Amino acid sequence: MRISRLSSESRYFSDITRHETQDRLRVHITDADKKRWEVPYNLLAREQPPPLKKSLGKSKGELFTASEYSGNELIFSYTSDPFSFSVRRKSNGQTLFNTSSDESDPYGNLVFKDQYLEISTKLPLSAAIYGLGENTQPNGIRLQPNDPYTIYTTDISAINLNMDLYGSHPVYMDLRNEGGEANAHGVLLLNSNGMDVFYRGSSLTYKVIGGVFDFYFFGGPTPLAVVDQYTAFVGRPAPMPYWALGMLSL
């Protein structure tokens with residue numbers, strides 16, 4: 001599924017949405033006029049989007065209306081003007097990601113410029129969010145409201161607090177218990193540019209200095225299933241060799 005529309009800067013961008021497995025949904029948003037930097041496809045094997053076509057959506061009359069795209073577990077829906085999208089769980093209708101905004105939200109609509117990207121999602125206050133590394137946070141891996149999270153690899157010692165470390169992992173796990181029903185899902189933004197992520201408790205905002213929006217949603221519904229689905233995509237961790245554990249007594 002591919003859509004195109006006019007952005008706020010009079011530039012077209014294109015979107016491809018695909019259910020890659022029954023538990024994994026990809027939403028890829030890029031510039032329809034020119035190629036932008038992405039994580040190299042030979043480093044992380046994945047399906048490449050269709051070739052860019054400048055002829056897509058060249059008039060406002062060709063804009064798409066609100067639509068929906070359903071898979072086995074995750075449902076993608078979007079509105080064309082202003083562009084926003086959401087991802088819902090099919091089994092219970094729970095909204096996992098929603099980029100729409102209104103006057104009451106502390107953020108605006110999607111921004112897609114040459115060297116600045118911004119997108120936000122609404123979140124329930126009851127959600128427990130974990131991830132967005134590598135950095136040293138005094139409160140551990142659970143995100144705390146109003147704490148900024150910068151993902152920018154600086155290779156600094158882990159003895160310092162509130163510092164970025166060796167790796168960039170713009171992925172989080174969302175744990176929820178609503179109405180006595182516990183569910184978990186994961187969200188990966190596959191973008192290697194530096195970014196700030198602002199978590200406010202009721203929303204989460206990405207501010208990125210380049211690249212594309214290449215989102216992967218992992219349906220879970222358990223934390224173990226999320227980890228399994230995520231590592232099936234990015235690669236399984238390798239076991240440590242015995243010699244790395246130090247001297248062993250025989």
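## A stroll through the strands

Strand 11 and strand 14 are antiparallel partners, joined by four bridges. Select both to start; keep in mind that this is a predicted model. For a pair to zoom in on, pick tyrosine 149, which sits opposite valine 197 of strand 14.

Now stay on strand 14, residues 195-199, and show its side chains. Which residues make up its covered face, and which its uncovered one? Met195, Val197 and Tyr199 are on the covered face, while Asp196 and Phe198 are on the uncovered face. That fits a general pattern: in a regular strand, side chains alternate between the two faces of the sheet.

Next, add strand 15. Strand 14 pairs with strand 15 through five bridges, again antiparallel. Aspartate 196 has lysine 207 of strand 15 across from it. Follow the chain through the hairpin linking these two strands: there are three residues between them, and glycine 201 has a positive phi near 95°.

On to strand 9, residues 117-122. Strand 9 runs antiparallel to strand 15 (residues 203-208), and six bridges hold the pairing. Click lysine 122 and you'll find serine 203 of strand 15 opposite.

Time to bring up the whole sheet. It is open, has five strands in the order 8-9-15-14-11, and is paired antiparallel. Strand 8 (111-112) and strand 11 (148-151) are at the edges with a single partner strand each, so one side of each has no neighbour in the sheet.

Now for the interior. The largest nonpolar core has 34 residues, and those touching the most other members are Phe85, Phe97, Tyr206, Phe213, Phe215 and Phe217. Select Phe97 and display what surrounds it: leaving aside residues up to four places away in sequence, phenylalanine 97 touches Phe85, Ser86, Val87, Thr121, Tyr172, Val187, Tyr206, Phe215 and Phe217. There's also a second, separate core of nine residues, with Leu44, Val171, Leu190 and Phe233 among them.

Then head for the surface. Select Met240, Tyr242 and Leu245: together they form a nonpolar surface patch with about 410 Å² of accessible area. Leucine 245 lies in the segment after helix 1 (223-234). Is leucine 245 buried or exposed? Leucine 245 is exposed, because its relative accessible area is 53%, and the cut-off for exposed is over 50%.

Finally, zoom out. The protein chain has one helix and 16 strands, and 45% of its 250 residues count as buried. About 13000 Å² of the chain is exposed, with carbon and sulfur atoms supplying 54% of that area.

How values were computed:
Residues are numbered from 1 along each chain as its sequence is written. This is a predicted model: local features need pLDDT of at least 70, side-chain atom pairs count only at pLDDT 80 or more; totals for chains, interfaces and linings use all residues. Side-chain values use heavy atoms; hydrogens and water are left out. Patches are made of residues with over 30% relative accessible area and no salt bridge: like charges are joined within 9 Å, nonpolar side chains (Val, Leu, Ile, Met, Phe, Trp, Tyr) within 5 Å. Accessible areas come from the Shrake-Rupley method with a 1.4 Å probe; for residues, only the protein chains shown count as cover. A salt bridge is a side-chain nitrogen of Lys or Arg within 4 Å of a carboxyl oxygen of Asp or Glu. Buried means under 20% relative accessible area, exposed over 50%, partly exposed in between (1.4 Å probe, protein chains only). Two strands pair if DSSP finds at least two bridges between them. A nonpolar core is a set of buried Ala, Val, Leu, Ile, Met, Phe, Trp, Tyr and Cys residues joined through side-chain atoms within 4.5 Å. Contact means heavy atoms within 4.5 Å.
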